[in-house]
Amino acid sequence: MSAAAIASPRIRPIREDERAELARVVGANWGSSIVASRGVAHDVGDLPCLIAVDGERWLGAAVYRVEGDECELVLLEAFEKVRGVGTALLAATAAIARRSSCRRLWLMTTNDNLDALRFYQRRGMRLVHVWPEATTEARQKLKPEIPLVGDYGIPLRDELELELVLTEPTAAGGPEPGP
Ligand SMILES: CC(C)(COP(=O)(O)OP(=O)(O)OC[C@H]1O[C@@H](n2cnc3c(N)ncnc32)[C@H](O)[C@@H]1OP(=O)(O)O)[C@@H](O)C(=O)NCCC(=O)NCCS
């Protein structure tokens, strides 16, 4: 089946009565509804969340949290990939962070997630920190469900921190211009 373009998926905040379903879906995809980042366990069911929808059908979700002048994108997942859903959710989260006067939007991903590294860097995000063995420690202390081996058969060990500086005019709404 070829990817049909979704011109602009509708994005809305999650409803309270949908939170259990979000936790179920994230749990099914990621072992549990807990996301570990920089030594902290976040339960996606407890945090603000944007849902991309096509009618009643969920296309993707972005879970975030604002603390001080920073916004962490705790989870971004497109349930239907390569149709513009991730891009739209990232842009919507960045817009919320800007409206909340955040200085930066940041996230942690894991060392195996080459697809996410590509996706985020194409959208203006910069790799600003490597946290060696942070995933190993998260597996030991926070989330035993984290597998030992991740995408592409890469051992899952480290967290990579990416950020988008929101005081710069770069928009997280599409890929950076090519060379
Ligand atoms: C990373 C992730 C969120 C990206 O979401 P996505 O919805 O697939 O992303 P998009 O569709 O917006 O963009 C992906 C590519 O598809 C392209 N695309 C979008 N619509 C398309 C269409 N109709 N036809 C062909 N290509 C299309 C985009 O241009 C983009 O390519 P580019 O980067 O070369 O510009 C998604 O792969 C995902 O959910 N991964 C698993 C969870 C994860 O790893 N999350 C991040 C961890 S922190």
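**Figure 1. Arg15 in the loop between S1 and H1.** Arg15 sits in the loop that links strand S1 to helix H1 (19-30) of this predicted model. Arg15 counts as exposed because 11 C-beta neighbours fall inside 10 Å, and the exposed class ends at 12. Cys49 is 34 residues away from Arg15 along the chain. Their C-alpha atoms are 8.9 Å apart.

**Figure 2. The whole chain.** Four helices and nine strands make up the secondary structure of the chain. Read from the N terminus, the order of elements is β-α-β-β-β-β-β-α-β-α-β-α-β. The chain has 179 residues, and 34% of them are buried. Among contacts with a separation of 6 or more, 69% join residues 24 or more positions apart.

**Figure 3. The seven-stranded sheet.** The sheet is open and its pairing is mixed. Its strand order is S1-S4-S5-S6-S7-S9-S8. S1 and S8 are the edge strands, and each has a single partner, so one side of each lacks a neighbour in the sheet. Neighbouring strands are turned against each other by 30 degrees on average, with direction ignored. Strands of a sheet pair through backbone hydrogen bonds, in either the parallel or the antiparallel sense. The next views follow individual pairs.

**Figure 4. Edge strand S1 beside S4.** S1 covers residues 10-13, and S4 covers residues 49-54. The two strands run antiparallel and are joined by four bridges. Arg12 has Ile51 of S4 as its bridge partner. Which other strand does S4 pair with in the antiparallel sense over six bridges? That strand is S5, residues 57-67.

**Figure 5. The S4-S5 hairpin.** S4 and S5 form a hairpin with two residues between them. Asp54 stands opposite Arg57 of S5. Gly55 lies in the turn and has a positive phi of about 65 degrees.

**Figure 6. The S2-S3 hairpin.** S2 (residues 34-37) and S3 (residues 40-43) run antiparallel, with four bridges between them. Ile34 stands opposite Asp43 in S3. Two residues separate the strands of this hairpin. Arg38 belongs to the loop between S2 and S3. Its phi is positive, about 50 degrees, although Arg38 is not a glycine. Is Arg38 buried or partly exposed? Arg38 is partly exposed, because 13 other C-beta atoms lie within 10 Å, and the exposed class stops at 12.

**Figure 7. Val82 between S6 and H2.** The loop between strand S6 (70-78) and helix H2 (85-99) contains Val82. Val82 is another residue other than glycine with a positive phi, here near 55 degrees. Val82 is exposed, since 10 other C-beta atoms lie within 10 Å.

**Figure 8. S7 and S9 in the sheet.** Seven bridges join S7 to S9, and the pair is antiparallel. Thr109 has Leu160 of S9 as its bridge partner. Leu160 also contacts Val130, a residue of strand S8.

**Figure 9. Val130 on edge strand S8.** Val130 is found in S8. Val130 is exposed because 11 other C-beta atoms lie within 10 Å. Which residues does Val130 contact, leaving aside its neighbours within four places in sequence? These contacts are Asp158 and Leu160. Glu159 is 29 residues from Val130 along the chain. The C-alpha atoms of Val130 and Glu159 are separated by 6.1 Å.

**Figure 10. The buried side of H4.** Helix H4 spans residues 134-141, and its buried residues include Ala134, Thr135 and Ala138. Why are these residues on the same side of H4? They cover an arc of only 95 degrees around the axis, which puts them on the same side of the helix. The buried residues of H4 pack against four strands: S2, S7 (104-110), S8 (126-131) and S9 (159-165). S7, S9 and S8 follow one another in the strand order of the open sheet.

Definitions and conventions:
Residues are numbered from 1 along each chain as its sequence is written. This is a predicted model: local features need pLDDT of at least 70, side-chain atom pairs count only at pLDDT 80 or more; totals for chains, interfaces and linings use all residues. Two strands pair if DSSP finds at least two bridges between them. A residue is buried if 20 or more other C-beta atoms lie within 10 Å of its own, exposed if 12 or fewer, and partly exposed in between; C-beta atoms are placed from the backbone. The arc is that of the directions from the helix axis to the C-beta atoms. Two residues are in contact if their C-beta atoms, placed from the backbone, lie within 7 Å. Axes are lines fitted to C-alpha atoms, for helices over the stretch in contact, and angles run from 0 to 180 degrees between N-to-C directions.
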